[in-house]
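Subject: Structure handover

Hello,

Here is the structure I said I would pass on. Please open it beside this email and follow along.

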Amino acid sequence: MRHMTKRTAGKSYPIRHYVKVMLLILISVLVLDCVISFSAISIVKQQTTRFLQDTANMYIDRINLDFSNINQYMGWTLANDENVKTMNKFRPDDSEFIKANTELYKRFSELQKNYNQKYNFFVYLKDQQYFLNTAPTSLNYSDYLELKKQIFTYVQDKNLFEKFYSNWSPILINDQYFIINIVPYYESYMICLISADNLIRPLQQIDQESNGLVSLVDQNGDIIVNPKSEEEAAALKDAEKKSILDLAQTRTTVSGQFANATFGVEMLMKFGAFEKIMIAQLLIMLLAAIVACSICGIMVYFNILILRPLKKFSYNLTQFNEDSKPLDLKMNKIVELEYANKLFKNLLEQIKIFKIDIYEHELEKQRIQLEYMKLQIKPHFFLNCLTNIHSMAQMQMHEEIQSMAISTSNYFRYIFQNGQDFVRLEDEINHARIYLEIQKHRYRDAFTFHIDQADGTGHLKIPPLVLQTFIENSVKYAVSRVNEVQIHLAVDLKSDSEEETAVIRISDTGPGFTTEILERLESGLPLDQSDGNHIGIMNTLERLEYLYRSKAGIHFSNAETGGACVTICLPHPPQDKL
C-alpha cells in the first residue's frame, strides 16, 4: 500500500488514463453480469426441473401405494369376506342379501374415508346380474349407468383378468376420463373408479404461475385430464422438442409412469420470466455505464482527495477491537474523518463501560434470584406440616387432616410452580390465606386473621411471596401461647393523576419491632443476617428495589396499641419486567 502511494505521488496520469480504466472496468462488469445471468438461469432451470421431478416421484409413489393397498383390499374381500359369499348365495331381494350388502357398504365407506372419498367402489355379481356401489359415490346417475353398461361389456371379455387386474387403466365415461381397476374372483367383481381430475389435482395445486401445466397422459401420449384443451395439448407436444442450445430453451418437461398402470404424469414449466429478468439486468448495467462515463472525470479527482482516504479510514475501522486501543489515524487534511475517528474512539469506550454495567447488573440480578429461590425452599415448614398431620391422625381428626392436606398441597404447588417476576394480587392473597390456614391448624386458638381486599385490586401485578414474607414475620414473632394475636391484611387501591398504586398493609397485635430494628429499617440500613434471621425481609427489599427501580415504597412502624405494621405501596410494574 505504501509503494502504491509513493508511486502515485511521484508520477501523474492524465484524466484520459482514468477514463480508460473506468471504461475497461465497466465493460468487464457488463460481460460478467451477462455470464452470471445466463448461469443463474441455467441453475434455476436445473433446480426447478429437479424439484418437479422429485415432486412427481413423491406423488407417483403415494398413488402407487394407494393402488396397491386398494387392490389387496378388494382381492381379499372377494376371496374371504363372508358378506360377498352370502350375497352370492341369496337373491338381491332376500333379507340375508340386503343385510350382507349393508355390512359390505359400511366396510368400504370406512375405507373410502382414508382417501378423502375420491375413490368410488362398486360390486358386480355376474350370477345375480347385480351391480351397485359399495360406498358413497360422486358419480351422477347418467355416468353411473354408462359405467354399468361398460362393466357388463368388460366381464364378457375373456382377457379381463390380464387387462384389468392390478392394472389401472383410463376409461372414457360420457366425455370424461376416469381411472378404473377391476378385480375378478370367479363370478364376482370388485371395481374401483376415480376421476382423472381428482387423481391429478394435488400436482395441479403446485404454484407454477401461469406458465406451467400438469396432466395425465396415456400410453399414446394423449391427455386424459378434463377439460382437455387444444392449447394444453399443443404445449405438451411442443415441450418434447429440444432447442439447439439448452440455454435458449424456455421450458422443461418432467414425466413419470405409475406402477401397474397404463398411464403416467407429465409436468411442463416455462421459463420466460427469467429471460425478462436478464434483459432488465442488461438495461440497468447499460444505464449505469452511461452515468459512470459522464462522471468519470469527477471520480478521478475525488479518488485522490476523498475516496482513497475514506478507504484507508474504513480499513482501519475494521481493525478496531474492543479489547485493544483504537488506532490514531491521519486523514490527509480531511477534518471530518479525523473528527469521526475521535467520536468512534469515545463511543468504543462508552460501550466498554456500558457492558461492564450490564454485567454487574446481571450478577446482582442472579444473586437476588438465588436468594429468592432459597427463600422458597423451607424444609422445616414442610416437616412441621407433616408432623401436624401425623398428630391429627393419632387423634382421628379426619376432617382436619383433609383440610390440612389440601392446604399444604396448594401451598407448595404455588411455591414450586411460580417462577415469574410478577403474579396477580388475587393469587398472592389466596396463597397468604392458605399459609395462615396452615398455621391456624398448628397454633389453634393462638391467633386469628382477617383479610380485607378492595374491589378492583385482584388484577394488579405484584412480585410473588412478598405478602407471605411479612405475614411469616408476624406469625414468627407475634404469635404466642399466652395471648391471642390478631393478624390483619388490608389491600386498597390509590389513584392519582399519573397512575394507580396498590396499598398493602400488614399488621398484628404482637410485641412489634424492636427499637433497633425499626430504626435500621426506617433509615434504609441492612439488618444483621449472620444468625439466619431477617433474610426474608432483606431479600424482599432488594427484590422490590430491583423490580420497581426504586419506585416502590415500604414503611415499617409500631402501632400505638402495640404490634408491628408494614405498609407497602406498589405502582404498576415496568413494561420490560412483565
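Below is what was found in it, from the whole chain down to single pairs of side chains.

Please keep in mind that this is a predicted model.

Overall picture

The protein has 578 residues, and 40% of them count as buried. Its secondary structure consists of 17 helices and 15 strands. If you take the contacts between residues at least 6 apart in sequence, 64% of them join residues at least 24 apart. The accessible surface is about 34,500 Å², and carbon and sulfur atoms account for 56% of that area.

Strands 3, 4 and 5

A good place to start is strand 4, which covers residues 176-185. Of its 10 residues, 8 are buried. Strand 4 runs antiparallel to strand 3 (residues 169-173), with 5 bridges joining the two. One of the bridge partnerships is that of Ile-171 with Phe-178 in strand 4. Strands 3 and 4 make a hairpin with 2 residues between them, and in this turn Asn-174 has a positive phi of about 50°.

Strand 4 is also joined to strand 5 (residues 188-195), again antiparallel, by 8 bridges. Here Pro-184 has Tyr-189 of strand 5 as its bridge partner. Strands 4 and 5 form a hairpin too, with 2 residues between them, and Tyr-186 in that turn has a positive phi of about 55°.

Aromatic pairs

The structure holds 22 aromatic pairs. One of them is Tyr-73 with Phe-108, which is edge-to-face, with 5.3 Å between the centres and 85° between the planes. Tyr-73 belongs to helix 2 (residues 15-80) and Phe-108 to helix 4 (residues 95-113), so the pair links parts of the chain that are 35 residues apart. Tyr-73 is partly exposed at 24% relative accessible area, whereas Phe-108 is buried at 0%.

Tyr-443 and Phe-447 form another edge-to-face pair, at 6.3 Å centre to centre and 70° between the planes. Both of these residues are buried. Phe-447 has a further neighbour, Lys-440, which lies over the face of the ring at 5.3 Å from its centre.

There is also a cluster linked by ring pairs, made up of Tyr-59, Phe-67, Tyr-115, Tyr-119, Trp-168, Phe-258 and Phe-263.

Salt bridges

The structure holds 8 salt bridges. Among them is the one between Arg-62 and Asp-66, whose closest N and O atoms are 4.0 Å apart. Both residues are in helix 2, and because they are 4 residues apart, about one helical turn separates them. Arg-62 is partly exposed at 43%, while Asp-66 is buried at 11%.

Asp-81 and Arg-107 also meet in a salt bridge, at 2.0 Å from N to O. This pair links distant parts of the chain: Asp-81 is in the loop between helix 2 and helix 3, Arg-107 is in helix 4, and they are 26 residues apart. The relative accessible area of Asp-81 is 6%, so Asp-81 counts as buried, being under 20%. Arg-107, at 23%, is partly exposed.

The hairpin of strands 4 and 5 comes back in another salt bridge, between Lys-126 and Glu-187, with the closest N and O atoms 3.9 Å apart. Glu-187 sits in the loop between strand 4 and strand 5, and Lys-126 in the loop between strand 1 and strand 2, so the pair ties together parts 61 residues apart in sequence. Lys-126 is partly exposed at 25%, and Glu-187 is partly exposed at 33%.

Regards

Methods
Residues numbered from 1 in each chain as written. Predicted model: local features only at pLDDT ≥ 70, side-chain atom pairs only at ≥ 80, totals over all residues. Heavy atoms only, no water. Buried < 20%, exposed > 50% of the residue type's maximum accessible area, 1.4 Å probe, protein only. Contact = heavy atoms within 4.5 Å. Areas by Shrake-Rupley, 256 points an atom, 1.4 Å probe, with all protein chains shown as cover. Pairing = 2+ DSSP bridges. Phe/Tyr/Trp six-rings, centres within 6.5 Å; stacked < 30°, edge-to-face > 60°. Lys NZ or Arg CZ within 6 Å of the ring centre and 35° of its normal. Salt bridge = Lys/Arg side-chain N within 4 Å of Asp/Glu carboxyl O.
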